Amino acid sequence: MKEIIRTTDAPAPIGPYNQAIKVNGTLYVSGNVGFVPGTGKLIEGSVADEAHQVMKNLGAVLKAAGMTYAHIVKTSIFLKDMNDFAEVNGVYGSYFETDFPARETVQVARLPADVNVEISVIAVE
């Protein structure tokens, strides 16, 4: 049985999808970008600011599902420019204390709303 996870503490979906779906203790979190919740606007600033907002948005969805960053087992990071890897990687790493998740990071031609970074995660209870 699947459970739809929704929170107003993270940006609302901009298409036909949910923020997250929980099935048998596994949480599948949709890709998040650096939109500020409730505004529909991208956070202003550097790619690091954008990455922090993405991680905060992911944290809000995790919290709504009764989880934390420590529950993440798999991450997918999509970058507009691989030259931003070190900066985004530094921000991303600061949200974990130990036992980092499995991960891939890829450069893509374009992301929704022309953002610089999008991250999706899978977490388990």
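**Group meeting: a loop residue, a core, a pocket and a buried threonine**

Hi everyone, let's start with N18, which sits in the loop between β1 (2–5) and β2 (20–23). Before I go on, please keep in mind that this is a predicted model.

So, is N18 buried or exposed? With a relative accessible area of 24%, N18 is partly exposed. Setting aside neighbours within four places in sequence, N18 is in contact with I4, R6, P13 and S30. Take I4 from that list: N18 and I4 are 14 residues apart in sequence, and their C-alpha atoms are 7.0 Å apart in space.

Now to the core. The largest nonpolar core has 29 residues, and L27, M55, V117 and I119 have the most contacts inside it. Which elements each supply at least two residues of this core? They are β3 (26–32), α1 (47–64), β6 (72–79), α2 (85–93) and β8 (117–124). The biggest contribution comes from α1, which gives nine residues.

Let me zoom in on L27, one of the residues with the most contacts inside the core. What does L27 touch, if we don't count residues up to four places away in sequence? The partners are I5, A20, I21, K22, L62, A65, M67, V121, I122 and A123.

Next, a residue in strand β6, namely T75. T75 counts as buried because its relative accessibility is 0%, and the cut-off for buried is under 20%. The T75 side chain does have a polar partner: it makes a polar contact with the side chain of Y92, at 3.1 Å. Y92 also appears in the wider contact list of T75, together with P101, A102, R103, E104, I119, S120 and V121, again not counting residues up to four places away in sequence. You'll recognise I119 there as one of the residues with the most contacts inside the largest nonpolar core.

Finally, for those of you who like pockets: how big is the largest pocket? Its volume is about 190 Å³. The lining is made of 15 residues, and A12, Y17, G31, N32 and V33 lie nearest the centre of the pocket. β3 provides the largest share of that lining, with three residues. This is the strand we met earlier among the elements supplying the core. As for chemical character, the lining divides into 10 nonpolar residues, four polar and one charged.

That's my tour. Thanks for listening, and I'm happy to go back to any of these residues on the screen.

Definitions and conventions
Residues are numbered from 1 along each chain as its sequence is written. This is a predicted model: local features need pLDDT of at least 70, side-chain atom pairs count only at pLDDT 80 or more; totals for chains, interfaces and linings use all residues. Side-chain values use heavy atoms; hydrogens and water are left out. A nonpolar core is a set of buried Ala, Val, Leu, Ile, Met, Phe, Trp, Tyr and Cys residues joined through side-chain atoms within 4.5 Å. Buried means under 20% relative accessible area, exposed over 50%, partly exposed in between (1.4 Å probe, protein chains only). Helices (H or I, at least four residues) and strands (E, at least two) are DSSP runs, numbered from the N terminus. Contact means heavy atoms within 4.5 Å. On a 1 Å grid over the protein atoms alone, a cavity is a set of points where a 1.4 Å probe fits but cannot get out, and a pocket is an open set with protein on both sides within 12 Å along at least five of seven lines; lining residues have an atom within 4 Å of a point. Grid points are joined across faces, edges and corners, and a volume is the space filled by probe spheres set on the points. Ala, Val, Leu, Ile, Met, Phe, Trp, Tyr, Cys and Pro count as nonpolar, Asp, Glu, Lys and Arg as charged, and the others, Gly among them, as polar. A polar contact is a pair of N or O atoms within 3.5 Å; within protein, one must be able to donate a hydrogen and the other to accept it, and residues adjacent in sequence count only if both atoms are side-chain atoms.
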